[in-house]
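Q: Walk me through how this chain packs, please. Spell out the cut-offs as you go, since I'd like to know what each term really means.

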Amino acid sequence: MSADENLPVDWEQARRLAYEAGRAAATGAEQVPLAEADGRTLAEPLRTLTDLPAFPTSSIDGWAVRGTGPWRPVGRVLAGSTPPPLTEDGTCVEIATGAMVPDGSTALVRIEDSTTGGDGRVSGEPRRLPDWRLPGEEAHRGEELFPAGTAVDPAVIGVAATCGYESLQVFAEPRAALLVFGDELLTSGPPGAGRVRDSLGPQVPGWLRRYGATVQTVTGPVKDTLVAHLDAIRSGLEVADLVCTTGGTMHGPVDHLHPALAELGGEYIVNTVAVRPGFPMLLARVLGPDGRPRFLAGLPGNPQSAVIALVTLVAPLLAGLRGRPLPELPRVEAGAAVPGRGDFTHLALAALDSTGRTATPVGHVGSAMLRGLANSHGFVVVRPGTEAAAGDLVPFLPLPLTPGERS
């Protein structure tokens with residue numbers, strides 16, 4: 001470790017470094033069926049295989065006519081069939097919504113705008129705007145609909161199906177493992193007698209999944225020895241692209257993470273961040289057993305600080321590994337004053353109002369507390385050397401909550 005690696009990294013720079021490390025490692029891609037593509041990321045542009053629509057398509061139930069009326073019916077066209085052309089003026093065919101418009105048709109007449117005479121001939125007036133969709137009206141063959149890096153959602157899947165795809169080329173899902181360090185932790189029952197209940201083992205996997213990782217294993221508490229740390233990290237590297245650890249990011253008598261990284265030949269990407277709470281966090285690159293680089297994210301042991309490390313380093317890293325862009329931070333109005341933290345960025349837990357435009361700081365926000373986190377939608381970001389007054393527009397870092405939560 002160089003001397004510079006002992007200096008806290010600016011918060012925004014730390015996010016960029018984590019993202020760039022992940023993006024550089026996002027090389028794996030796989031073909032998945034459409035039904036399994038929701039939530040994944042396109043690894044290549046989605047292009048149309050044909051014109052959309054591929055053929056002229058009726059948007060009404062009615063008549064496809066040729067020439068001027070009245071028209072003599074000569075058949076019927078249903079969706080899914082290829083009709084013969086209309087070759088004679090004064091003729092028509094009954095047509096259903098979604099059916100292919102016959103070659104030679106000059107207009108469509110809606111069923112509600114038509115009448116049929118005693119001689120069986122159809123009369124009516126076409127509407128001013130044509131009632132059919134033309135080939136290429138939505139997209140032309142080979143046109144790029146979505147670039148690589150697009151998040152796949154049900155609407156994107158629907159477009160792909162419309163184009164004729166059965167599967168999509170997507171980035172591989174990052175695999176994560178969680179290691180919980182600390183002899184003082186309990187995994188059941190209430191805290192007491194100098195021991196505290198582990199809150200990170202149960203919650204961190206949920207945050208990792210919401211940021212797009214597949215959680216392979218959760219291990220802990222890992223004993224506070226260097227040997228136990230090394231064994232646990234090596235086991236995590238065997239199954240995961242990212243190993244997250246909780247606790248041990250300082251240099252105390254039972255903090256073995258830094259010595260373990262030195263033993264494993266780890267390369268720091270970020271070693272401490274100038275952010276409060278949560279600055280003793282780290283992100284390192286470590287070779288896996290197959291020689292391919294893996295990542296280790298060291299989260300502080302205090303619960304709120306650990307979550308801040310997740311949103312600061314792990315979320316950008318996973319965005320990069322998934323081929324996603326680094327999200328831009330929206331700006332909201334501060335609902336109350338938020339103090340600065342000197343030379344450090346201050347991430348202040350805050351709840352959004354019903355409009356999503358105003359963020360008000362919440363209470364119970366000590367590094368070891370989770371009550372404030374559970375009542376928040378994200379963090380107001382106060383840059384070094386500044387403070388936010390009520391009414392100021394400030395950056396807001398949202399938590400990955402699902403729609404309707406904490407509304």
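A: Helices (H or I, at least four residues) and strands (E, at least two) are DSSP runs, numbered from the N terminus. You're looking at a predicted model: local features need pLDDT of at least 70, side-chain atom pairs count only at pLDDT 80 or more, and totals for chains, interfaces and linings use all residues. Residues are numbered from 1 along each chain as its sequence is written, and side-chain values use heavy atoms, with hydrogens and water left out.

Q: Where does Thr272 lie?
A: Thr272 isn't a glycine, yet it has a positive phi of about 75°. At 14% relative accessibility, Thr272 counts as buried (under 20% relative accessible area is buried, over 50% exposed, in between partly exposed, with a 1.4 Å probe and protein chains only). As for its place, Thr272 sits in the loop between strand E19 (267-271) and E20.

Q: Does His364 count as buried, partly exposed or exposed?
A: Most residues other than glycine have a negative phi, and most peptide bonds are trans. His364, not a glycine either, has a positive phi of about 60° and lies in the loop between strand E25 (358-361) and H7. With 41% relative accessibility, His364 counts as partly exposed.

Q: Which residue is joined to Arg276 by a cis peptide bond?
A: Omega at this bond is about -10°. The partner is found in the loop between strand E20 (273-276) and strand E21 (282-287), and it is Pro277.

Q: What is omega for the cis peptide bond between Gly220 and Pro221?
A: Pro221 lies in strand E17. For the cis bond that joins Gly220 to Pro221, omega is about 0°.

Q: How is H1 oriented relative to H6?
A: Two packed helices are described by the angle between their axes and the distance between the axes. The axes are lines fitted to C-alpha atoms, for helices over the stretch in contact, and angles run from 0 to 180 degrees between N-to-C directions. Helix H1 (residues 11-25) packs on helix H6 (residues 303-321) at about 30°, with the axes 7 Å apart. Since angles under 35 degrees count as roughly parallel, over 145 as roughly antiparallel, 65 to 115 as roughly perpendicular and the rest as oblique, H1 is, relative to H6, roughly parallel.

Q: How do the residues of the contact of H1 with H6 divide into nonpolar, polar and charged?
A: Contact means heavy atoms within 4.5 Å, while for the classes Ala, Val, Leu, Ile, Met, Phe, Trp, Tyr, Cys and Pro count as nonpolar, Asp, Glu, Lys and Arg as charged, and the others, Gly among them, as polar. Residues including Trp11, Arg15 and Tyr19 in H1 meet residues including Thr312, Leu313 and Pro316 in H6. The split is 11 nonpolar, 3 polar and 2 charged.

Q: Which orientation does H4 have to H5?
A: Helix H4 (residues 226-239) and helix H5 (residues 257-264) have axes 9 Å apart and an angle of about 60°. That makes H4, with respect to H5, oblique.

Q: Which residues of H5 make the contact?
A: On the H4 side there are Leu226, His229, Leu230, Ile233 and Arg234. On the H5 side you'll find Leu257, Pro259, Ala260, Glu263 and Leu264.

Q: What is the relative accessible area of Trp207?
A: Trp207 belongs to helix H3 (residues 200-210). Leaving out residues up to four places away in sequence, Trp207 touches Val307, Leu310, Leu373, Leu399, Pro400 and Leu401. Trp207 is buried, and its relative accessible area is 10%.

Q: Which residues is Gln203 in contact with, leaving aside its neighbours within four places in sequence?
A: Gln203 is found in helix H3 and is buried at a relative accessible area of 17%. Its contacts beyond those neighbours are Pro303, Val307, Leu370 and Leu373.

Q: Which helix gives the largest share of the largest nonpolar core?
A: A nonpolar core is a set of buried Ala, Val, Leu, Ile, Met, Phe, Trp, Tyr and Cys residues joined through side-chain atoms within 4.5 Å. The largest one has 46 residues, and Leu208, Leu242, Leu283, Val314, Leu347 and Phe379 touch the most other members. Its largest share is 12 residues, and they come from H6.
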